[in-house]
Amino acid sequence: MAFRARHLLGIEQLAPLEITTVLDLAERYVDLNRRTVKQSDVLAGMTQINLFFENSTRTQSSFELAGKRLGADVMNMAVANSSVKKGETLIDTALTLNAMHPDLLVVRHAASGAVNLLAQKVDCAVLNAGDGRHEHPTQALLDALTIRRSKGRVERLTIAICGDVAHSRVARSNLILLGKMGNNLRLIGPPTLMPPGFAELGAEVFDDMREGLKGADVVMMLRLQKERMDGGFIPSMREYYHRFGLDAEKLSHAKPDAIVMHPGPMNRGVEIDGELADDINHSVIQDQVEMGVAVRMACMDLLARNLRAERGRRIVETLV
């Protein structure tokens, strides 16, 4: 099998062939999810715990649905009501969960690196559902699948990622994945929301939307993450939309068949014009939501196979 990862902590650790393996399997789960009967027994007998230290209706519900459709026993841990709020450390939480013998642990945390730390303390497979400003691997994978289904490929495209790059783990994961697949990458946004390190990932940087969108095949808008801002990054929402919000006029500088993406939730009239977000000729935002369930099913399926194989090897070694 081409996918050999023990955990899914980020895109950085995945080879292009492993990325393609996830996308190919996800295609099969897209078909399953469109059937009347959507159930599979791939994860039958396995337990999945969703541990979200940050609120996320979209990602958590997507992982929950993915696990249930694969036949897992799924538990959503209410962190707001847990011992974490009483002072329990992250490592203590990991040890407590490990004692319950879960098979899959899906984690979202506000601190970069927190998910990696948890993965070192548990025996199960860990999936990163977003950690700080670090990575959000399944979002990048679902974006790649959306692009491939729309464009027929996920290589040799001009892709513009626009907006609040500084606070975006989605931007980082997408830059890594799309760079591995050989695309021409552009970052567009105000200098205050454009950290210098991102240019080192091989992307051209623009502070002019029209210039940056010229000839783009894919336009990926980012949410303005006001909850992560502790200073005056933008003069006003109105000014931000005027310069960096996507509307029909700015999009006209991209290719005529360019697709528009957004990881959600959208701030209509801030990052993107509402009518453009719903434009069936360009917008694939709802497709991204659909692909999210299929990609997360594929990731959990592949990690579960590796986990079973590892446990099998341990049993053999014990017997020998």
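Helix H6 agrees with its expected length: its 12 residues should span 16 Å at 1.5 Å a residue, and its end C-alpha atoms are 17 Å apart. The expected span here is 1.5 Å times one less than the number of residues, and helices are DSSP runs (H or I, at least four residues), numbered from the N terminus, while strands are E runs of at least two. This is a predicted model, where local features need pLDDT of at least 70 and side-chain atom pairs count only at pLDDT 80 or more, though totals for chains, interfaces and linings use all residues. Residues are numbered from 1 along each chain as its sequence is written, and side-chain values use heavy atoms, with hydrogens and water left out.

H6 is largely enclosed by the rest of the structure, because nine of its 12 residues are buried. Buried means under 20% relative accessible area, with exposed over 50% and partly exposed in between (1.4 Å probe, protein chains only). Among the buried ones are Val170, Ile176 and Leu178. Arginine 169, in H6 (residues 169-180), counts as buried at 7% relative accessibility.

At the N-terminal end, serine 168 acts as the cap. Just after the helix, glycine 182 takes a positive phi of about 80°.

Here are the side-chain oxygen of the cap and a side-chain polar contact (N or O atoms within 3.5 Å; within protein, one must be able to donate a hydrogen and the other to accept it, and residues adjacent in sequence count only if both atoms are side-chain atoms).

| From | To | Distance |
|---|---|---|
| Serine 168, side-chain oxygen | Valine 170, backbone nitrogen | 3.3 Å |
| Arginine 169, side chain | Glutamate 54, side chain | 3.0 Å |

Now the annotations. For "binding site" (unreviewed entry), UniProt lists Lys86, Arg169 and Arg223; of these, Arg169 and Arg223 are in the lining of the largest pocket. Another UniProt "binding site" set (unreviewed entry) includes Arg58, Arg108 and His136, and the same pocket's lining takes in those residues too. UniProt positions use the numbering here, feature names are shortened, and annotations may be inferred rather than shown by experiment. On a 1 Å grid over the protein atoms alone, a pocket is an open set of points with protein on both sides within 12 Å along at least five of seven lines, and lining residues have an atom within 4 Å of a point. Histidine 136 lies in the loop between strand E4 (125-131) and helix H5 (137-151), and counts as buried at 3% relative accessibility.

Methods: On a 1 Å grid over the protein atoms alone, a cavity is a set of points where a 1.4 Å probe fits but cannot get out, and a pocket is an open set with protein on both sides within 12 Å along at least five of seven lines; lining residues have an atom within 4 Å of a point.
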